[in-house]
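Colleague: Could you take me through this protein slowly, explaining each term as you go?

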Amino acid sequence: MSWQLRVKDKFQAAHFLKEYQGKCEKVHGHTFQVEAVVEVSELDRAGIGIDFTRLKAKLAEVLPDHTLLNDVYPFNPSAENLAREFFGQLKKHFPVIEVTVWESEDACATYSEDH
Ligand SMILES: [Zn+2]
């Protein structure tokens with residue numbers, strides 16, 4: 001028996017991609033949408049797995065809003081790498097099973113690990 005809880009948030013940031021040829025090699029911005037999924041197998045007496053408020057607060061804390069992502073991280077800030085980074089940070093606090101980063105309305109990358 002398990003439940004998957006899902007929270008979403010957005011952040012705005014600029015980036016450019018090294019080792020890449022195309023539109024994304026020059027500095028530009030996105031409104032990134034991030035979706036985190038956590039899995040729980042028990043509920044508390046109120047019928048709640050993990051309070052959405054706590055999940056959302058932590059998610060908001062790890063998102064690098066209004067930054068130049070290339071200055072914030074040592075890696076190339078692709079949606080794939082960002083998803084792995086946010087997963088790692090959230091994993092310290094919650095049983096996260098996957099993180100999806102939407103770079104635009106119709107393109108996203110999902111990161112997960114075997115569990
Ligand atoms: Zn881009």
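What follows is a conversation about the strands, helices and core of this structure.

Modeller: Before we start, please note that this is a predicted model, in which local features need pLDDT of at least 70 and side-chain atom pairs count only at pLDDT 80 or more, while totals for chains, interfaces and linings use all residues. Residues are numbered from 1 along each chain as its sequence is written.

Colleague: In what order do the elements of the protein run from the N terminus on?

Modeller: Helices (H or I, at least four residues) and strands (E, at least two) are DSSP runs, numbered from the N terminus. The protein has three helices and five strands. Read from the N terminus on, these elements run β-β-α-β-α-α-β-β.

Colleague: In what order do the five strands lie in the open sheet?

Modeller: Strands of a sheet pair through backbone hydrogen bonds, either parallel or antiparallel, and here two strands are said to pair if DSSP finds at least two bridges between them. The pairing in this open sheet is mixed, and the order of its strands is β3-β1-β2-β4-β5.

Colleague: Which strands stand at the edges, each with a single partner strand?

Modeller: A strand with a single partner has one side left without a neighbour in the sheet, and this applies to both edge strands. One of these edges is joined to β1 by two bridges, in a parallel pairing, with L68 in β3 as the bridge partner of A14. The edge strands are β3 (67–68) and β5 (107–112).

Colleague: Over how many bridges do β1 and β2 pair?

Modeller: Residue pairs help to locate this pairing: Q12 has T31 in β2 as its bridge partner, and A13 stands opposite H30 in β2. The sense of the pairing between β1 and β2 is antiparallel, and the number of bridges is 13.

Colleague: Which residue in β5 is the bridge partner of V101?

Modeller: On one side, β4 pairs with β2 in the antiparallel sense over six bridges, where Q33 has W102 in β4 as its bridge partner. With β5, β4 pairs in the antiparallel sense over six bridges, and a hairpin of two residues joins these two strands. Along that pairing, S104 has A107 in β5 as its bridge partner, and the partner of V101 in β5 is A109.

Colleague: Which residues is V101 in contact with, leaving aside its neighbours within four places in sequence?

Modeller: Two residues are in contact if their C-beta atoms, placed from the backbone, lie within 7 Å. Leaving aside neighbours within four places in sequence, the contacts of V101 are F32, V34, A79, L82, A83, C108 and A109.

Colleague: Which element gives the largest share of the largest nonpolar core?

Modeller: A nonpolar core is a set of buried Ala, Val, Leu, Ile, Met, Phe, Trp, Tyr and Cys residues joined through C-beta atoms within 7 Å, where buried means that 20 or more other C-beta atoms lie within 10 Å of a residue's own, exposed means 12 or fewer, and partly exposed lies in between, with C-beta atoms placed from the backbone. The largest such core has 19 residues, and those with the most contacts inside it are A36, L90, V99 and V101. At least two residues of this core come from each of β1 (3–15), β2 (28–40), α1 (52–62), α3 (79–91) and β4 (96–104). The largest share, six residues, is supplied by α3.

Colleague: At roughly what angle do the axes of α1 and α3 cross?

Modeller: Axes are lines fitted to C-alpha atoms, for helices over the stretch in contact, and angles run from 0 to 180 degrees between N-to-C directions. In the region where these helices meet, K58, L59 and V62 in α1 face F86, Q89 and L90 in α3. The axes of α1 and α3 come within 10 Å, and their crossing angle is roughly 130°.

Colleague: Is K58 buried, partly exposed or exposed?

Modeller: K58 is found in helix α1, and, leaving aside neighbours within four places in sequence, K58 is in contact with L90, H93 and F94. Because K58 has 19 other C-beta atoms within 10 Å, it counts as partly exposed.
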